[in-house]
Amino acid sequence: MSAHDLVADFGELPPTLRAERRGAIAVITLARQDKRNALNDQIVRGLETFFSALPDSIRAVVLCGDGDHFSAGLDLSELAERDVAAGIEHSRSWHQAFDRIEFGPVPVIAVLHGAVVGGGLELAAAAHVRVAERSAFYALPEASRGIYVGGGGSVRLPPLIGTARVMDMMLTGRTLSAEEGQAIGLTQYLVDVGNGLEKGLELAHRIAGNAPFTNFAVTQLLPRIARSDPSTGFITESLAAAIAQGDEEAKARLRAFLEKRGPKVGRS
Ligand code: 1HE
């Protein structure tokens, strides 16, 4: 497959995004390191295009950034001239793009390093699993810029780390270290500098090996069940469990285990 085919597979992307395929995994990289991967309209639209047109053969995505920082958040140079109506439209365009990540067809693993701030943190929060390198740091500096999160942070961050912590980060502008982020559940894996992509790919390959319906249920149903009232949650869970076990893929995997061919659960 030529480099052209690789690009064509993922639709028309701007030069500030780079997409590659590694078997069933797609790696999408923020490629604007001269501006610390600040998210301008072009990148946000490109992310929406990428996540809206994933080939069926892609089973998981790794999202990462070039250079020393994952992302410096909103491109502040685009903000100055916007009026209120344009501001709403702009925020909604981020919601639409990040919804394609959270509610897209496959699990997404974000690999974080350096600055993961403002809109960069909102982008990371739209992924399903987060890996941090020890260089990562997190902040919501919106208040110091006189603005407010607009990329879904008010919705996605409180369930991850708690409303009180989000309030604290926004009001005081404090920075959390990679270790603090890991301790409060913002990230699920913490690795040494330079090892993030390898860990992200390892996880992506493992996740890509799951039955597709299970991945769908985990990424699409679990967050909705968690937000619903318990009686709706229980019945939705039963439906998901029944659909999953009725699938031929599940039956084959269960048979494999019972015939001593399936994997055992190992110690970590
Ligand atoms: C930028 C941006 C940006 C860097 N928009 N251009 N985000 C922030 O408030 C974070 C602002 N950025 C920083 O605090 C720092 O740049 C970093 C800590 C991320 C990195 O520092 P450093 O020393 O490596 O880089 P630098 O020298 O500050 O920046 C390098 C270049 O990137 C420089 O441009 P140059 O033309 O002078 O070389 C910077 O201007 C440019 N740059 N960050 C535009 N953010 C949907 S609502 C979301 C709301 C938010 O995200 S608010 C948070 C915004």
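Biologist: Where do glutamate 202 and lysine 199 lie, and how far apart are they in the helix?
Modeller: Both residues belong to helix H9 (residues 196-208), where they are 3 residues apart, about one turn of the helix; a helix here is a DSSP run of H or I with at least four residues, a strand is a run of E with at least two, and both are numbered from the N terminus. This is a predicted model, in which local features need pLDDT of at least 70 and side-chain atom pairs count only at pLDDT 80 or more, while totals for chains, interfaces and linings use all residues. Residues are numbered from 1 along each chain as its sequence is written, and side-chain values use heavy atoms, with hydrogens and water left out.

Biologist: What makes the meeting of the side chains of glutamate 202 and lysine 199 a salt bridge?
Modeller: The term asks for a side-chain nitrogen of Lys or Arg within 4 Å of a carboxyl oxygen of Asp or Glu. The N to O distance for glutamate 202 and lysine 199 is 3.4 Å, so the pair satisfies the rule. In general, side chains of opposite charge can pair when their charged atoms come close. By this rule the count comes to 16 salt bridges.

Biologist: Why is glutamate 202 called partly exposed?
Modeller: Buried means under 20% relative accessible area, exposed means over 50%, and partly exposed is in between, with a 1.4 Å probe and protein chains only. Glutamate 202 has 37% relative accessibility and therefore takes the middle label.

Biologist: How do you know that aspartate 66 and arginine 18 form a salt bridge?
Modeller: Their side chains meet at 2.8 Å, N to O, and the pair therefore meets the cut-off already stated. Aspartate 66 sits in the loop between strand S3 (60-65) and helix H3 (84-102), and arginine 18 in strand S1 (residues 17-22), so the pair ties together parts that are 48 residues apart in sequence. Aspartate 66, at 18% relative accessibility, counts as buried, whereas arginine 18, at 35%, is partly exposed. A network of salt bridges links Arg18, Glu20, Arg22 and Asp66.

Biologist: What makes glutamate 102 and arginine 156 a salt bridge?
Modeller: The side chains of glutamate 102 and arginine 156 meet at 2.5 Å, N to O, and the pair therefore qualifies. This pair links distant parts of the chain, with glutamate 102 in helix H3 and arginine 156 in helix H6 (residues 153-161), 54 residues apart. Both partners are labelled buried, because glutamate 102 has a relative accessible area of 12% and arginine 156 one of 11%.

Biologist: Which residues does glutamine 220 touch, not counting those up to four places away in sequence?
Modeller: Glutamine 220, which is found in helix H10 (residues 212-227), touches Glu102, Phe103 and Gly104 on that count, where contact means heavy atoms within 4.5 Å. A polar atom of its side chain lies 3.3 Å from the backbone oxygen of glycine 104. A polar contact is a pair of N or O atoms within 3.5 Å; within protein, one must be able to donate a hydrogen and the other to accept it, and residues adjacent in sequence count only if both atoms are side-chain atoms. Glutamine 220 counts as buried, because its relative accessibility is 5%.

Biologist: Why is phenylalanine 51 called buried?
Modeller: Its relative accessibility is 1%, so phenylalanine 51 takes that label. Phenylalanine 51 lies in helix H2 (residues 41-52) and, leaving aside neighbours within four places in sequence, is in contact with Ile28, Val61, Arg100, Ile101, Pro105 and Val108.

Biologist: What is the phi of asparagine 37?
Modeller: Asparagine 37 has a positive phi of about 55° although it is not a glycine, and its place is the loop between strand S2 (25-30) and H2. Asparagine 37 counts as buried, because its relative accessibility is 0%. Lysine 260 is likewise not a glycine and has a positive phi of about 65°, but at 78% relative accessibility lysine 260 counts as exposed.

Biologist: Which atoms lie 2.8 Å from an oxygen atom of the ligand?
Modeller: One is an N or O atom in the side chain of arginine 36, and another is a polar backbone atom of leucine 74. Taken alone the ligand exposes 1000 Å², of which the protein buries 65%; these accessible areas come from the Shrake-Rupley method with a 1.4 Å probe, and for residues only the protein chains shown count as cover.
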